[in-house]
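Subject: Structure handover

Hello,

Here is the structure for you to take over. My notes on it follow below.

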Amino acid sequence: MRKWLVLTFIVALLALSACGNEEAAKKDSGNKDDEITVWAMGEEGKLLKQLTDKFEKDNKGLKVDVQAIPWDSAHDKLLTAVASGNGPDILQLGTTWVPEFAEAGALLDLTEYMEEHPEFAAENYFDGAAEIMQYDDQIVGIPWYVDTRVLYYRTDILEEAGYDKAPETWEELQDAAKKLADRGEGQYGIDIDQNDQIMPFIFAWQNGYEANLEESKLNFDTPEFLGAMEYYTSFFKEGASQVEQGEDIIQAFANGKKPMFFSGPWMVNIINEQAPDIEGKWAPAVMPGNETNASSMGGATLSIFHNSENVENALKFLSYMNETETQLEWLDISNTLPSKLESWEDPILQDDPMYSVFGEQLKEAKAGLQTEQFERIAQELLSALERVNAGGADLEKEIEQFNKTAQDLLEE
């Protein structure tokens with residue numbers, strides 16, 4: 001409720017700002033016709049300057065002012081910007097934040113500019129990324145980079161358990177996890193991060209679950225959703241996954257105690273750097289599936305702030321960031337994956353055994369629930385599942401109550 005009240009309050013402030021403080025906002029923002037301000041988060045904000053230098057050389061007289069904002073303070077800073085009307089020209093948003101800030105009116109609708117910029121057309125991107133571009137009938141962001149979850153597995157240890165390749169189905173994953181957990185005390189089959197809010201939804205999508213947000217129906221009371229949660233919790237119930245947090249996943253992966261886990265592309269470099277002794281003994285694989293092999297679509301979008309006084313130049317910068325050459329250069333700089341399908345035709349991605357797995361998974365990656373309430377709903381679900389996994393609560397009762405709570409959140 002607190003977060004929703006904050007959003008209601010800032011929307012009211014936004015309206016007042018638009019009526020009476022337009023000139024002051026323009027002055028305070030520091031925006032100039034020859035300067036584009038960009039708020040970028042985390043490590044990306046620190047690295048982005050390496051791309052802006054080339055843009056400035058190609059666009060004489062234009063300057064790009066990048067402000068790197070730590071992720072842990074980014075949300076509050078964005079809320080303050082919406083309330084005051086004093087924001088950047090361009091802002092980076094994580095995919096789950098897009099609906100929240102679009103609902104608050106913070107993001108410029110790009111629909112009227114799409115004809116002039118066919119490079120932003122939805123068909124240029126993976127389906128899941130294109131879905132995140134839109135909120136209601138508006139185009140509110142351009143996909144910058146993408147990520148998705150895959151299965152990481154120890155090829156040598158799985159082979160000892162009878163699997164010469166990664167499990168491809170729910171049944172195979174459950175069987176492999178059980179065999180690996182049966183190796184002895186302190187051994188597990190697969191690590192499932194119980195703080196990862198997207199993993200339960202991935203299992204649900206794999207089991208045929210779909211929400212119907214147009215009719216405000218979350219459908220958490222369907223057999224598809226309940227069946228997926230039964231599958232999720234079965235790994236903990238049967239001892240194939242550790243209920244307690246346990247040791248660091250990289251250490252447990254390296255010593256073989258947890259030979260499988262789900263994660264994103266950032267883990268490739270982390271494993272290479274922190275566990276060099278297992279080089280050649282592990283690999284990523286597309287998600288084992290049931291009805292589908294679905295995974296999640298993550299990453300970031302670039303949006304234009306609703307009251308930017310420099311829209312044309314901001315669009316020029318978005319277009320530059322969207323170029324295949326720029327996306328491949330960003331891949332080299334940041335190790336984040338390109339959003340454009342055309343970029344994935346490059347041999348750098350096609351011929352690399354690691355990247356190619358992610359490219360295959362991204363074809364079947366779905367966006368999280370496109371509602372400003374997604375994170376609150378996801379946290380309610382994680383709490384319900386924790387009560388089942390750690391406290392022995394009844395799953396059907398927990399999901400029944402969760403469905404009611406989530407539906408109430410959606411209708412606030």
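**The sheet**

Five of the five residues of β7 are buried, so this strand is largely enclosed by the rest of the structure. Please keep in mind that the model is a predicted one.

Strand β7 covers residues 150-154. It belongs to an open sheet of three strands, ordered β8-β7-β9, in which the pairing is antiparallel. The edges are formed by β8 and by β9 (282-285), each of which pairs on one side only. From one strand to the next, the twist averages 25°.

On one side, β7 pairs with β8 in the antiparallel sense over four bridges. Two positions of β7 can be placed against β8: Tyr152 stands opposite Phe261, and Tyr153 has Met260 as its bridge partner there.

β7 is also joined to β9 by four bridges, and these two strands run antiparallel. Tyr153 appears again in this pairing, where its bridge partner in β9 is Ala283. Tyr153 thus has a bridge partner in β8, Met260, and one in β9, Ala283.

As for the side chains of β8 (residues 260-263), Met260 and Phe262 point one way, while Phe261 and Ser263 point the other way. Are these four residues buried or exposed? All of them are buried. The residues that face β7 in the pairs above, Met260 and Phe261, therefore point opposite ways from β8, and both are buried.

**The helix pair**

The other item concerns helix α4 (residues 49-58) and helix α15 (residues 324-334). Their axes come within 10 Å and cross at roughly 150°. Angles over 145 degrees count as roughly antiparallel, and α4 and α15 are therefore roughly antiparallel to each other. The crossing in which α4 passes α15 is right-handed.

Which residues make the contact between α4 and α15? From α4 come Gln50, Leu51 and Lys54. On the α15 side they meet Glu325, Thr326, Glu329, Trp330 and Ile333. By class, the residues of this contact divide into three nonpolar, two polar and three charged.

Regards

Note on methods
Residues numbered from 1 in each chain as written. Predicted model: local features only at pLDDT ≥ 70, side-chain atom pairs only at ≥ 80, totals over all residues. Heavy atoms only, no water. Buried < 20%, exposed > 50% of the residue type's maximum accessible area, 1.4 Å probe, protein only. Pairing = 2+ DSSP bridges. Axes fitted to C-alpha atoms, helices over the stretch in contact; angles between N-to-C directions. Parallel < 35°, antiparallel > 145°, perpendicular 65-115°, else oblique. Left-handed = near helix turned anticlockwise from the far one by under 90°. Contact = heavy atoms within 4.5 Å. Nonpolar A, V, L, I, M, F, W, Y, C, P; charged D, E, K, R; others polar.
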